[in-house]
Structures are given as structure tokens and as C-alpha cells.
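Open the structure in your viewer and keep the sequence panel beside it. We will go from stop to stop, with something to select at each one.

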Amino acid sequence: MIRRGREQVAAPAPVEGHHSLPRLLAGMDPGGAPMSLAEHERIHGPLPQPSPLELIEAVEMSGLRGRGGADFPTARKLRAVAAGRRPSAVVVNGSETEPASAKDRLLLSRLPHLVLDGAMLAAMAVGAREVVVKLGDGAVGSFDALEGAVAVRAADPVGIRLVTGPEGYVAGEESAVVHHLNGGAPLPTFVPPRPFERGYRGRPTLIQNPETLAQIALVARFGASWYRELGTRADPGSALVTISGAVSEPGVYELAFGTPMTDLLDAAGGSTEPLQALLVGGYFGTWVGSRRALGLRLAREDLRSVGCSLGSGVIIALGESSCGLHESAYVIDYLARQSAGQCGPCVFGLRAIADAVLAMADGVGGARERDRVLRWTSEVRGRGACHHPDGAVRFVESAMDVFGDEIEAHARVRCTAPPAGLPLDGGAPARPRRAGLRPGGRGAGRLRGAARR
Ligand SMILES: Cc1cc2nc3c(=O)[nH]c(=O)nc-3n(C[C@H](O)[C@H](O)[C@H](O)COP(=O)(O)O)c2cc1C
Ligand code: SF4
């Protein structure tokens, strides 16, 4: 669900740059309408015309990194495609296949000109002849807003094409996007060649997330020093974060890097109950127990210190009334179902891991099952054509770490915690409904004690 964050309703900042938040979301219509070109230019100014070198250097100095999950330095990608054959292509990866993310749809449906400005600037920097925006089939609001925006952008030097496609989790992986745009199935392909070498129509292709391009649009206007006014030295600027779970106002929020996690939760209205963990980075992300998580900042160095990264900007708060083991089982089952069915370790390994975690959550198997799962995760890692299995096993390993103590309790006492409602296409697997006690979370000791009595 997309809700307006506190930062999103502030008055538009002057054209010389937004010296506080919101930056990307400045002037967004509270009523939900896409921003017109005139309003967009009033808030941000007209599309600048930097030389390719000027743009790439500004992006480099800004320290901008990709917001689609891989966290790759954007200037390095721009340089690689700019150095390749001409013409090249730019693809806006608006797939947003992470079910818990809503930021790309927010940008594309409400601020289409900001993303298209970034795509135009990138296209001019890398010598592209065409910009393709790839969306999921269900992204109707984004498609309509983009179609309206493209129709009024008569001055753009490069043509824009909108393409929709199936929405499975791996359909957003860059080689899957290219394969689909070239007429194939939306499945990852074995690389190399990588898209920047040979991608859309065989051309060197720059694939960027919509937020990355929106940030480029602002860096090109206001410069790298302005960009660095917010954030930390290592993590400059702001980010869009989709916050959901046990918070009062789930939604998309623009926050400066370096923001304490406690402030981040406050931005989403605060937690609705005591928290047991945060899932940082979405379903390829990492569970972090609440005591550690609440001491972190939204900064790469902090997140790395507990083995996680922001991924595509997703934070899910898990309340103590929920069961982390069951929620993790639902997610890994979902990820196993999302395997593209091409690589044995991914297809069979993720299925076996998911079945084992589902069984643990339902009280079958104990610590030995956990050891088996951890052995399988090490066997699956790095053995796929794409990073799907790597992300999935990272998630499972963190679940075993954070909720591992609950496995034995689940074997003793039937868990009756209600589903937390994490977004999963196709829903959570059916769960036997038998009377019992909830073994995990806060008060687990009490419940176990109650079970013994
Ligand atoms: C399984 C999988 C799914 C992905 N889905 C998306 C997606 O929906 N949107 C996206 O921008 N990047 C997604 N990515 C990352 C892309 O492959 C690619 O790194 C990204 O689009 C590059 O843009 P950026 O550098 O601006 O982040 C996915 C990666 C994997 C492994
Ligand atoms: S690793 Fe999995 S998702 Fe990726 S291409 Fe292979 S089977 Fe498909």
C-alpha cells in the first residue's frame, strides 16, 4: 500500500535545489495525480544539458549507487556503456518484482517526468538512440502516467518506448528484462555477455532502476556537492524506503542516509507493538533482531556490520505477536516457487530448503533439520545463472540465525501466531489450524511454561 509519508506533503522547494527533504518527492500531489510537466519544471527547473563527461563526473562525485538492489556504483555503469559501440540503449527497469516494495510504482505513477529526465540524461551520456521503460503487466497506474508524460515531452532528443511484461520475482533481473525485450521469455539468461556489452537489440545497454534515474535527474540539475549535503560521507544523499509490517503508517518514505532506524520507524508512524525483528532489504534481505536493528542507522557501514544491505529499500517490521519462523517459511516457499526452473541447485535446492523450513515452523524437525538447511544453503549459493538463489539463501540463513532458537519450541508446542500478512504473490501456503500455543516471540518462556503446566 502506498501512503503519503510525512516528507511527501511538504511544500515544493525553490528551483535552486531542495536543501532538506523531500528531494525526489518534492511537490508530489497529495491527491495522487501524476505531476504535470509544467509543475515538474516549476519545482525542479528545466531539463539541463550537461555534456556526457560532465554528467558522468557529477554522478561519480555524488557517490550515487543503484537502487534496484545490487548497490552498484552508477557512474561505473554509465562509463562502461558510454565506452561501448554506438548506438546504445537505456532501459528503465520498472519491473519492481519485490512484493514488499512500492517505491518504483510511486515514482513512475506520480513523478514520471523525474524518471524520464534521468533516462534522457543517461541516454545522452551513453549515446543511446532509444529509451525503453519496462513495467510489470499490473502496473496500470505507472503505464498511464508514463504514457501521458511521454505525449507532452516533445523536446526529448531520444524516443521512449513503454513495454509491459509478466511479473514473477526473477522477471526484474536485468538479463531477464533484456531477454523479454528481445522477444524471449522473461527469464534470466546465462551471462556473459552482460547487458552493458550486448543487451537490448544487441546494443550495449544501460539498465537502471527508476529511483537511480530520478536521482540522476537531480544530480544533473543541482550538482554532486548539493547531493552530498544530506547523508553520510560514505552514503550520501537520500533514499526511498518502503516501510511495512507492524507500523502505524506503512508506505514509501524519503529519508537521508544516516537516519537512525528508530527515526525511520517513527517516520512510518511508529511501531504498533513491541518488535522482535526487522527484515532489511526485502526478500533477498536479512532479518536482524530488534535489539541490534534499532541501534543501526540507514547507512551501508551500519547495515554491513550486521551482514545486511538496504537492497531495493525495503524494511519490514515484525511485531512480537507474529511468528518469525512461519513468516520466513512463507517467504522462502514463495522464493522457491519463483525460481525460473533453469538451474538445478536453484530449482531443487530452494524447494528442499523451503520444505524443511515449512516443516520446522509446523513443529516437525528440530535443530538437526536446521543444520541440514544450513548445509544446503552453502551448496546452493553461487550455483545459479542469476543471483536468485544467493538472495534466497541469505534470507534463510538470517532466519535460522534470528529465529533458530524457536525451532525446538515449535516442535514442543503448536504455533498459533496469526500470519503477519507479508505481501506474497499467491499468498502464504495453507497452514494447519490446530489449537495450541504460540511458542515464539516475546513471552515465549511464559508460553512454554504454560505448555508444561
Ligand atoms: C531475481 C532478481 C530480481 C530483480 N528485480 C529487479 C526489479 O524488479 N527492479 C530493479 O530495478 N532491479 C531488479 N533487480 C536488479 C537488476 O538485475 C539490476 O541490477 C538493476 O535493475 C540495475 O539498476 P540499478 O543499478 O539502478 O540498481 C533484480 C535482480 C535479481 C537477481
Ligand atoms: S538461478 Fe534460479 S532463477 Fe536464476 S536463472 Fe537459474 S533457475 Fe532461474
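## A tour in selections

Begin at a ligand: select α14 (344-361) and α16 (388-403), each of which supplies at least two residues of the shell around ligand 2. Keep in mind throughout that this is a predicted model.

**Stop 1: ligand 2.** Show the residues around ligand 2, and you should find 14 of them. A340, C343, C346, G384 and C386 are the closest. Now colour the shell by residue class: nine residues are nonpolar and five are polar, while none is charged.

**Stop 2: ligand 1.** Move across to ligand 1, which has 22 residues around it. Label G66, G68, G172, N209 and T212, the ones that come nearest. Colouring this shell by class gives six nonpolar, 12 polar and four charged residues. Which domains each give at least three residues to the shell around ligand 1? They are domain 1 (24-227) and domain 3 (324-443).

**Stop 3: the domains.** Give each domain its own colour: domain 1 covers 24-227, domain 2 covers 238-319 and domain 3 covers 324-443. Measuring between the C-alpha centres of domain 2 and domain 3 should give you 21 Å. Where these two domains meet, 12 residues of domain 2 are in contact with 14 residues of domain 3. On the domain 2 side, select β7 (275-280), β8 (286-289) and β9 (314-319), since each of these strands supplies at least two of the touching residues. β8 gives the most, with three residues. That side of domain 2 has seven nonpolar residues, five polar ones and no charged ones.

**Stop 4: strand β1.** Select residues 88-94, which form strand β1. Are its residues buried or exposed? Seven of the seven are buried. Turn the strand to look at each face in turn: S88, V90, V92 and G94 lie on one side, with A89, V91 and N93 on the other, and both faces are covered.

Next, add the strands that pair with β1. Strand β2 (residues 128-136) runs parallel to β1 and is joined to β1 by seven bridges; look for V92 opposite V133. Strand β4 (residues 205-208) also pairs with β1 in the parallel sense, over four bridges, and here V90 stands opposite L206.

**Stop 5: the nonpolar core.** V90 and L206 are also among the residues that A122 touches, along with L78, Q208, L213 and I216, leaving aside residues up to four places away in sequence. A122 is one of the four residues that touch the most other members of the largest nonpolar core; L278, I332 and V357 are the others. This core has 142 residues. Which helix gives the most to this core? Select α5 (residues 112-126), which contributes 11 residues. As background for this stop, nonpolar side chains in soluble globular proteins tend to be buried together.

**Stop 6: helix α4.** Now pick α4 (103-110), where eight of the eight residues are buried. The buried set is K103, D104, R105, L106, L107, L108, S109 and R110. To see what covers them, show β1, α5, α6 (140-152), α8 (210-222), β5 (238-245) and β6 (251-256), which are included in the cover.

**Stop 7: backbone details.** Finish with the backbone in sticks. Two cis peptide bonds are worth a visit. One joins L21 and P22, with omega about 0 degrees, and P22 is found in the segment before α1 (37-44). Another joins R86 and P87, with omega about -5 degrees; look for P87 in the loop between α3 (74-82) and β1.

Then check phi at two residues that are not glycines. D71 has a positive phi of about 60 degrees and lies in the loop between α2 (52-62) and α3. E96 has a positive phi of about 40 degrees and is found in the loop between β1 and α4. Compare their surroundings by counting C-beta atoms. D71 counts as partly exposed because 14 other C-beta atoms lie within 10 Å, whereas E96 counts as buried because 26 lie within 10 Å. The cut-off behind those words is 20 or more for a buried residue and 12 or fewer for an exposed one, with partly exposed in between.

Key. Residues numbered from 1 in each chain as written. Chains lettered and ligands numbered in written order. Predicted model: local features only at pLDDT ≥ 70, side-chain atom pairs only at ≥ 80, totals over all residues. Core = buried A, V, L, I, M, F, W, Y, C linked by C-beta atoms within 7 Å. Contact = placed C-beta atoms within 7 Å. Near = placed C-beta within 6 Å. Nonpolar A, V, L, I, M, F, W, Y, C, P; charged D, E, K, R; others polar. Pairing = 2+ DSSP bridges. Domains from an automatic or database assignment.
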